[in-house]
Structures are given as C-alpha cells and as structure tokens.
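User: Please take a close look at how the helices of this chain pack against one another. Keep it brisk, and give cut-offs as you go.

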Amino acid sequence: MTGFSKTGVPGAGIFGVALMATVFPAKQSVGMLLPMLITADIVAVSYYRRAVVWKHLIVLIPWVLAGIVIGFFVMDHIGDGQLSVMLGVLILSLLLLHLVRDKLERKLNYPFTQSVYFQAVLGVLAGFTTMVGNAAGAIMTIYLLSKGLQKKEFIGTGAWFFLAVNLIKVPFTVYLGLITADTLVFTTWMAVPILLGTWAGIRLVPRIPQKWFAALILLLTFLGALRLIFT
C-alpha cells in the first residue's frame, strides 16, 4: 500500500496509515512507517522527477514547517485513540469542504481555495498531520486537486513534497523515540513489498482515466479516514 500510494494512487496512502494504526499503537506506527515512506518517496521522485509544479510547493513551505513544529509538541500530550479519531475527523471535514467547494465559492462569490489563507491552513495541517500520524497525504490530495493537476503532475509534485517533508521529520521522530533499531529492521523487511508496490503503481497509472483517478483517490481517502475513526 505504501509503495503503490507513492507512484500510483495517492489516496491509498491514508488507508495504509490506518491499517498500520490498527496493528500497532498509533504513535508507534508513526515511527515504523516513516522510513517505509521515505523508501517509497525516493523511488517516486526518481521516476516522476520532471513532473513537478514547484510553484504549488514553494508557497506551502513556511506553513508546513510551522505545522511540523506544532505536531512535535502535541505528540507528547495526546493518546493513541485520540490521535486516530482527530485525524479521521479532520480528513473527513476537508473532504466535505472539497466536495462542496464549487457551490460554496459561487455562493460566497469568493474563490477561497485559491487564497493565501486557504493555502496557509492546508500547509499547517499538512505539516501537523504528517508529524503526528503520517497522514498528510489526505491533506495534500485536497490541496493538489484544488490546483487541477493532471495525473503525472499530481503524483510528481506530491512525491517531491513528501520526500522533503519526511526527511525533515526524521530528527524529530528520533528524538521522540519513535524510530529505533527495531523499527529500522522492520523497514528493511518491508523493502521488497514497498518496491513491488511502487512498480505496480507506475504500471497502473497510465491505464487510469483522469476522471477516475480523481474519484479513486477521494474514495480511498474517505475509507481511510473512516478506518482511523473506528480503529
């Protein structure tokens, strides 16, 4: 699921996060999953290195960093159950906002999803959710869909974003004691399945029509959010 989400259907990522949080305590799963994500990120960036829209990433940088710092301090003060439910509710709320976006913008006569305030909020949420639960994929799905990107640009832009953000998170996660020798051994065992997932994603993406691509990542994000809430 991790490899496939990075090179194929990004919405599958949140479902993988939810499955990990089901098998392991939510906080522990964060440290176990991060090295796995970085492994898949490297493959995704290598393959989609030219399919990136930098302007959509640059505007997020300061807000994402702020969110990571907030998430770092919150991690010590929130339980596993609270964390899963909070992430699930947050993701469902953003999905609902995305689905009613056009109607709401027409009613307000204001394109709020293109405003700097909307980008700031999503940037902070992306940084926060990636720090506390490796769940920023759902936030970035909403953000990148609002930009109207095609499949390759969607995946490529997301790949560069997550490689950078996940590398930034490493020292924070190590400090919190969530990345250990045991979690790195686990990541090593997962390397082959991750690479198989990235290969499957690369093979599948060209076969998915654009409209089905968007619908599929939204559906998987929705299912993943429900799984987080009812873990």
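Analyst: Contact here means heavy atoms within 4.5 Å. This is a predicted model: local features need pLDDT of at least 70, side-chain atom pairs count only at pLDDT 80 or more, and totals for chains, interfaces and linings use all residues. Residues are numbered from 1 along each chain as its sequence is written, and side-chain values use heavy atoms, with hydrogens and water left out.

Take Ala-18 as the starting point. Ala-18 sits in helix H2 (residues 12–23). Helices are DSSP runs of H or I with at least four residues, strands are runs of E with at least two, and both are numbered from the N terminus. Leaving out neighbours within four places in sequence, Ala-18 is in contact with Gly-224, Arg-227 and Leu-228. Ala-18 and Arg-227 are 209 residues apart in sequence, yet their C-alpha atoms are 5.9 Å apart in space. Ala-18 has a relative accessible area of 0%, so it counts as buried. Buried means under 20% relative accessible area, exposed means over 50%, and partly exposed lies in between, using a 1.4 Å probe and protein chains only.

Next, helix H10. Lys-169 lies in this helix. Lys-169 is buried, at 0% relative accessible area. Beyond four places in sequence, Lys-169 touches Leu-34, Ile-68, Thr-130, Met-131 and Asn-134. One of these partners, Thr-130, belongs to helix H8 (residues 116–133). Lys-169 and Thr-130 are 39 residues apart in sequence and 8.4 Å apart in space, C-alpha to C-alpha. Thr-130 is buried too, with a relative accessible area of 1%. With residues up to four places away not counted, Thr-130 touches Ile-68, Ala-135, Ala-136, Val-165, Asn-166 and Lys-169. Ile-68 is thus listed for Thr-130 and also for Lys-169.

Ala-136, a partner of Thr-130, is among the buried residues of H9. Helix H9 spans residues 136–146, and 10 of its 11 residues are buried, so H9 is largely enclosed by the rest of the structure. The buried residues include Ile-139, Met-140, Thr-141 and Tyr-143. After H9 comes Gly-148, whose phi is positive, near 70°.

Now the rings. The structure holds 8 aromatic pairs. Rings of Phe, Tyr and Trp (its six-membered ring) pair if their centres lie within 6.5 Å; planes under 30 degrees apart count as stacked, over 60 as edge-to-face and the rest as tilted. Phe-154 and Phe-213 have ring centres 5.6 Å apart and planes at 85°, so this pair is edge-to-face. The pair links distant parts of the chain: Phe-154 in helix H10 (residues 151–175) and Phe-213 in helix H12 (residues 210–229), 59 residues apart. Both Phe-154 and Phe-213 are buried. Phe-161 and Phe-162 also form an edge-to-face pair, with 4.9 Å centre to centre and 85° between the planes. Both Phe-161 and Phe-162 are buried. Phe-72, Phe-73, Phe-172 and Tyr-175 form one aromatic cluster.

Charge pairing comes next. Side chains of opposite charge can pair when their charged atoms come close. The structure holds 1 salt bridge, meaning a side-chain nitrogen of Lys or Arg within 4 Å of a carboxyl oxygen of Asp or Glu. Asp-41 pairs with Lys-6, with the closest N and O atoms 2.9 Å apart. Asp-41 lies in helix H3 (residues 26–47) and Lys-6 in helix H1 (residues 2–7), so the pair ties together parts that are 35 residues apart in sequence. Asp-41 is buried at 0% relative accessibility. Lys-6 is buried at 12%.

Helix H10 also reaches the surface. Ile-168 is found in H10 and is partly exposed, with a relative accessible area of 34%. Ile-168 joins Trp-54, Ile-58, Ile-61 and Leu-65 in a nonpolar surface patch of about 460 Å². Helix H4 (54–58) and helix H5 (61–74) are the elements that give two or more residues to this patch. Patches take residues with over 30% relative accessible area and no salt bridge; like charges are joined within 9 Å, and nonpolar side chains (Val, Leu, Ile, Met, Phe, Trp, Tyr) within 5 Å. Accessible areas come from the Shrake-Rupley method with a 1.4 Å probe, and for residues only the protein chains shown count as cover.

Last, the record. An unreviewed UniProt entry lists several stretches as "transmembrane region", including residues 54–74 and 212–230. UniProt positions follow the numbering used here, feature names are shortened, and annotations may be inferred rather than shown by experiment. In the model, residues 54–74 are 90% helix and 0% strand, with end C-alpha atoms 30 Å apart. Residues 212–230 are 95% helix and 0% strand, with end C-alpha atoms 27 Å apart.
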